[in-house]
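Thank you for making time this morning. I would like to walk through one structure, starting from a single residue and working outward, and I will take comments at the end.

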Amino acid sequence: RLAISRAEQERYAIASHDRARAATGRLGAEIVPVGGIAVDSFTRRLSEAVCARLPLLAGNAATGLSAATVAVEADAAAAVVIVAEPIAERLGLSSRAVRCLGSRALGGDPEQPALAPIAASQTLIAELGVNASDIALAEVMEAFAVQAMACVNGIGFDPATVNLGGGGLARGHPIGASGAILVVRLFHELQALASGSVGLATIAAAGGLGSVLALRR
């Protein structure tokens, strides 16, 4: 329906892997090793030639999905703690803390659940009184390359600000944990930016629910 070609999806997936590989060092600060595993082992050097050889999983030759453009099955967990400002100060966390500016969860078209983050994100951005172009960082769910691309375009994010450490296509999409993982990623990426920078994490859920959270450095 959106005419996003298979080749475009593959280029997006390649970029996700490239960003994840380049960020391996800084990703270590947010990963707790389990069973001796300290890095996401799926991330790899992906090429257009490799992608072109993969069989279709669904759809047609022009816009269909392959193993490169669908997130790998993964196991993971994440923890996010929200505290009042006085508690953060008492615990000595103020220098790294980020402020929660707001969140929204909106229902969307159940026949197009992957697009649900668009309306939720646009609503929250409008309530913040800013434009999508003012968002310094965005963490967007990558269950499918085409879904992530449609959301980035639909919301109006600058692609250069999205998923700087790669996304689910490169590291896996553990259903039930992916939202918290996006928030953890956003928290850590915001640490490198100037005070006042705003970031968004946005995700879709089965059935057409879009959820978004805004954080400020």
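Leu-200 sits in strand β5, and before I go further I should say that what you are looking at is a predicted model. With a relative accessible area of 0%, Leu-200 counts as buried, since the cut-off for that label is under 20%. Which residues does Leu-200 touch, once residues up to four places away in sequence are not counted? They are Ile-125, Ile-135, Leu-137, Ala-138, Glu-139, Phe-157, Leu-186, Val-212, Leu-213 and Ala-214. To give a sense of the fold around this position, Leu-200 and Val-162 lie 38 residues apart in sequence, yet their C-alpha atoms are 9.5 Å apart in space.

That brings me to the core. In soluble globular proteins, nonpolar side chains tend to be buried together. Here the largest nonpolar core has 29 residues, and Leu-200 is listed with Tyr-12, Ile-125, Val-140, Phe-157 and Val-162 as the residues with the most contacts inside it. At least two residues of this core are supplied by each of α1 (6-22), α5 (116-128), β4 (137-140), α6 (145-155), β5 (198-205) and β6 (209-216). Which element gives the largest share of this core? It is α6, from which 7 residues come.

Ile-125 offers a second view of this same core, in that it touches Val-130, Asn-131, Ala-132, Ile-135, Ile-155, Phe-157 and Leu-200, again not counting residues up to four places away in sequence. There is also a second, separate core, of 12 residues, and among its members are Leu-186, Ala-201, Ile-203 and Leu-213.

Let me now turn to α6 itself. This helix is mostly covered, with 8 of its 11 residues buried, and the buried ones are Ala-145, Gln-147, Ala-148, Met-149, Ala-150, Cys-151, Val-152 and Ile-155. The cover over those buried residues includes α1, α5, β4, α7 and β5. Just after the helix comes Gly-156, whose phi is positive, near 100°.

How do α1 and α6 lie relative to each other? Their axes come within 9 Å and cross at roughly 90°, and the two helices are therefore roughly perpendicular, a label that applies to angles from 65 to 115 degrees. On the α1 side the contact is made by Glu-8, Gln-9 and Tyr-12, and on the α6 side by Ala-145, Val-146, Ala-148 and Met-149. By character, the residues of this contact divide into 5 nonpolar, 1 polar and 1 charged.

The next helix I want to show is α8, residues 178-190. Its 13 residues should span 18 Å at 1.5 Å a residue, and the end C-alpha atoms are indeed 18 Å apart, so expectation and model agree. The buried residues of α8 are Ser-178, Leu-182, Val-183, Val-184, Arg-185, Leu-186, His-188, Glu-189 and Leu-190, and what covers them includes α2 (24-27), β4, α7 (168-171), β5 and β6. Ser-178, for its part, has a relative accessible area of 9% and is buried because that value falls under 20%. Leaving aside neighbours within four places in sequence, Ser-178 is in contact with His-173 and Ile-203.

Two backbone details deserve a careful look. Asn-163, in the loop between α6 and α7, has a positive phi of about 50° although it is not a glycine. Ala-3, in the segment before α1, likewise has a positive phi, near 55°, in a residue other than glycine. Are these two residues buried or exposed? Asn-163 is buried, with a relative accessible area of 0%, whereas Ala-3 is exposed, with a relative accessible area of 63%.

I will finish with Val-50, which is found in helix α3, residues 48-53. At 29% relative accessibility, Val-50 counts as partly exposed, because that value lies between the 20% and 50% cut-offs. Its C-alpha atom is separated by 8.9 Å from that of Ala-68, and the two residues are 18 residues apart along the chain. I am happy to go back to any of these views in the discussion.

Definitions and conventions. Residues are numbered from 1 along each chain as its sequence is written. This is a predicted model: local features need pLDDT of at least 70, side-chain atom pairs count only at pLDDT 80 or more; totals for chains, interfaces and linings use all residues. Side-chain values use heavy atoms; hydrogens and water are left out. A nonpolar core is a set of buried Ala, Val, Leu, Ile, Met, Phe, Trp, Tyr and Cys residues joined through side-chain atoms within 4.5 Å. Buried means under 20% relative accessible area, exposed over 50%, partly exposed in between (1.4 Å probe, protein chains only). Helices (H or I, at least four residues) and strands (E, at least two) are DSSP runs, numbered from the N terminus. Contact means heavy atoms within 4.5 Å. Axes are lines fitted to C-alpha atoms, for helices over the stretch in contact, and angles run from 0 to 180 degrees between N-to-C directions. Angles under 35 degrees count as roughly parallel, over 145 as roughly antiparallel, 65 to 115 as roughly perpendicular and the rest as oblique. Ala, Val, Leu, Ile, Met, Phe, Trp, Tyr, Cys and Pro count as nonpolar, Asp, Glu, Lys and Arg as charged, and the others, Gly among them, as polar. The expected span of a helix is 1.5 Å times one less than its number of residues.
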